[in-house]
Amino acid sequence: MKKEFNITIFSENSIGLLNRITINFTRRKINIESLTVSASAYQGISKFIIVVNDTEERVQRVVAQLDKLVDVLKAYYNTNESLIYQEIALYKVPSEYLLNGNNVVETLVRESGARILEINNQYAVIEKTGHTDETQALFAKLSKDFNCTQFVRSGRIAITRSPVEKLSVFLKERDAMLSQIED
Amino acid sequence: MVKSVTGSQAVILSLLEEGIDTIFGYPGGAIMPIYDALYDYQDKITHILTRHEQGAVHAAEGYAKVSGKAGVCFATSGPGATNLITGIADAMIDSVPLVCITGQVASPMLGTDAFQESDVVGISMPVTKWNYQVTCADEIPEAIAKAFYIAQSGRPGPVLLDIAKDAQFQKIDAFCYKKCRKIRSYIPEYPVEPTQTGNIKSAAAIIDAAQKPMVLLGQGVIQAQAEAELQAFIEKTGIPAAWTLLGLSALPTDHPLNVGMLGMHGNYGPNIKTNEADLLIAIGMRFDDRVTSDVKSYARHARIIHLEIDPSEINKIVKTDVAVLGNVKKTLPLLTAAVHKNSHDAWLAEFRACDKIEFDSVISKDLHPAKDGLTMGEVVRMVSEMTHDDAILVTDVGQQQMVAARYFRFRRSRSCVTSGGLGTMGYGLPAAIGAQLAAPDRTVVVFVGDGGFQMTVQELGTMVQNKLPIKIILLNNNFLGMVRQWQELFFDKRYSFTELQNPNFVMIANGFGMDAHKVSHRDELVEGVRRMLEHDGPYLLDAIVEKEDNVFPMVPAGASVSDILLDNSSIK
Ligand SMILES: Cc1ncc(C[n+]2csc(CCOP(=O)(O)OP(=O)(O)O)c2C)c(N)n1
């Protein structure tokens, strides 16, 4: 059964690695729903979060392949339930809807847990963080009634719920292992 | 050693530091500075100028398989680099250690569609274990050290370094080489103890309890140099061992526990018995689909123990009961120590009974044919016998490859060079060049079909120029034989574009300055082979074989391994 999985990859920050990672999805015809690359809590180590929709078996196999890439420190996968995750979305709406004095957009923004980032006499930019369905729902409303002219959503960022910090445990073990090998 | 050198000199000095004395390559604009540096080191490094970059990379593969060290090849940018790709892909799927060095346009021109610019780092990414573009001379020693470490450690594989031309010209103030021994993000093999201790214990318990166990041995045994450890394990447990195509020669052919080859055209016994076994012990093999055929019906009664260096292979194809991760050179002795001494004579006798069935219905016809025309099998066996079963076998791809794998016999390891995973036609002739250079004192024989021969025929020139005494046996059936076989068996004998109009191969060889001779009758065969083997230098034996012979046994695609066919009578 297909479902959503979050693949986390910790890697060295090397050129071309993104390509090496994505070809592992391409060759198995797995679509990447979203992708985020950023710094991790550890200096010099990048963190990829890749969201895919597939069977657990196929996800397991692709993670095993990613894990063995030379520049990858560790690859894991998680279900949505084991993560706290967010995406951020921005919306652009003509400012006439906010300046007409009826406060409908402002109310919608507030009730949706969004906020107005910037407003001028042409347009307003609204920001909302949340899960895909939430940011999508706000878009549906803004585009239906308020002529939302631009909408963009980021890739996912996620933090594990588990109290065990896998990466720090992993790095400790790895350092211990490497220190046994002479230079 | 600290001295000021150019980037190109640094390339050569680094290769020397890695102990490299043989390079296969082809020059061109973007790698000319490196070739210029090489000119001064001809006393230390033999460079083999192949006739095509594909030849260079296959030769490097042949060299690596026989020597156990990384094969090195050079090519220029653009078309030179893209011509390497087939061989790199071949090396990737067969885990062959290669270090490929390509020239690249000068770094300020990268991305401008410069003359002979191609994105070889991008193109080779899916088929390399690692690759890297060097744009500054200072990076060269470290990049080369890393390249060798990655190519040769863990599960080996090809790496590619793409070196921009300006980096080749640049000066390095102080050349200093340090071998790479570790990379934070890359652990080539996990330490066996303590992590595998429990698994080894569980594996030993299963092995001790098994009634019908079978060992599947793959190339991992050869790559780990664990032949003796393997032998000790099977001899203590008495377990019959079957080899994969790439596992060939890891055991002597006539070892009493060697029960032959797995796979589509493997032996009858190991295929049939896979589905009767209660335990498979896979050692350094990866359950390729040519071995398993239909996975759903594969080894249904067997538990599976998998000894493997690459964790991503575990559970990739078949569900494993116990995985023992790590280098089999280290894990096998621990397992041998943990099991009880045992024997499985009755079970082994069942394999021998299968051998008898296979002999009566297939082998006797191949080796002692009643018909006039030569069979591939009798030629292969003749060459094997007349080289005292101690030659290095190289094959191309197709019927001749399967027949050679079935009938050639081995006494020592690293004696079989063949393209397994990719099945690359054109592999044989250049791979034989590498094999001969890696083992100058051994007889190297290469079996090739008339199709594959014409894919890399230009390498005859390389053999002649370098006086490599390779013995080429062209098993000439005037067809793309393996494809024709499938057309006959599964496509109503509709021979769609598989018949060849061939040149006079003897004249072709002679044109390259190579001695050659044609045999088409049984009574000429011994003499023909003797002449070839006694000839001092490369030689082509054009053996005209039956045009429409088929390779059997055969597990038809998609069938279960136990549905292996001994002849075509059951195919509609
Ligand atoms: C580069 C490449 N192209 C096509 C094939 C498909 N193929 C596999 S075997 C074969 C026929 C080989 O014919 P030949 O070289 O004459 O050898 P034979 O089977 O007759 O021994 C072909 C075309 C291949 N393996 N490699």
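## Exercises on a two-chain model

In chain B, the side chains of Glu313(B) and Arg155(B) form a salt bridge, with N and O 2.7 Å apart. Keep in mind as you work that this model is predicted.

**Exercise 1. Find which parts of chain B the pair Glu313(B) and Arg155(B) ties together.**

Step 1. Start with the pair itself: the N-to-O distance is 2.7 Å, and a salt bridge requires the nitrogen to be within 4 Å of the carboxyl oxygen.

Step 2. Place each partner. Glu313(B) sits in the loop between strand S13 (303–308) and strand S14 (322–325) of chain B, while Arg155(B) sits in the loop between helix H7 (140–152) and strand S7 (158–164).

Step 3. Draw the conclusion: the two loops belong to parts 158 residues apart in sequence, so the salt bridge ties those parts together.

Step 4. Set the pair in context: the count over all chains is 34 salt bridges.

**Exercise 2. Describe how helix H3 and helix H5 of chain B pack.**

Step 1. Recall what is needed: two packed helices are described by the angle between their axes and the distance between the axes.

Step 2. Read off the values. H3(B) covers residues 53–67 and H5(B) covers residues 85–93; the angle is about 25° and the axes are 7 Å apart.

Step 3. Classify the angle. Angles under 35 degrees count as roughly parallel, and H3(B) and H5(B) are therefore roughly parallel to each other.

Step 4. List the residues that meet. From H3(B) come Gln54(B), Val57(B), His58(B) and Glu61(B); facing them in H5(B) are Thr86(B), Gly87(B), Ile88(B), Asp90(B) and Ala91(B).

Step 5. Sort them by class: this contact has three nonpolar, four polar and two charged residues.

**Exercise 3. Characterise the contact between chain A and chain B.**

Step 1. Count the residues: chain A gives 22 and chain B gives 24.

Step 2. Give the area. About 2100 Å² is buried between the chains, and carbon and sulfur atoms give 55% of that.

Step 3. Look for charged pairs. Two salt bridges are counted between chain A and chain B. Glu12(A) makes a salt bridge with Arg184(B), where the closest N and O atoms are 2.9 Å apart.

Step 4. Add the polar contacts: 13 residue pairs are counted between the two chains.

Step 5. See which elements of chain A take part. Helix H1 (17–26), helix H2 (56–67), strand S4 (72–79) and helix H6 (166–179) each supply at least two residues to the side touching chain B. The largest share, four residues, comes from H6(A).

Step 6. Finish with the classes: that side of chain A has 10 nonpolar, four polar and eight charged residues.

**Exercise 4. Locate some backbone features in chain B.**

Step 1. Begin with Glu193(B) and Pro194(B), which are joined by a cis peptide bond with omega about 5°. Pro194(B) lies in the loop between strand S8 (171–172) and helix H9 (197–209).

Step 2. Move on to Phe552(B) and Pro553(B): their peptide bond is cis too, with omega near 0°. Pro553(B) is in the segment after strand S20 (539–544).

Step 3. End with Asp113(B), which is not a glycine yet has a positive phi of about 60°. Asp113(B) belongs to the loop between strand S5 (98–104) and helix H6 (120–124) of chain B.

Technical notes. Residues numbered from 1 in each chain as written. Chains lettered and ligands numbered in written order. Predicted model: local features only at pLDDT ≥ 70, side-chain atom pairs only at ≥ 80, totals over all residues. Heavy atoms only, no water. Axes fitted to C-alpha atoms, helices over the stretch in contact; angles between N-to-C directions. Parallel < 35°, antiparallel > 145°, perpendicular 65-115°, else oblique. Contact = heavy atoms within 4.5 Å. Nonpolar A, V, L, I, M, F, W, Y, C, P; charged D, E, K, R; others polar. Buried area = accessible area lost by both parts, 1.4 Å probe. Polar contact = N/O pair within 3.5 Å; in protein donor to acceptor, adjacent residues only side chain to side chain.
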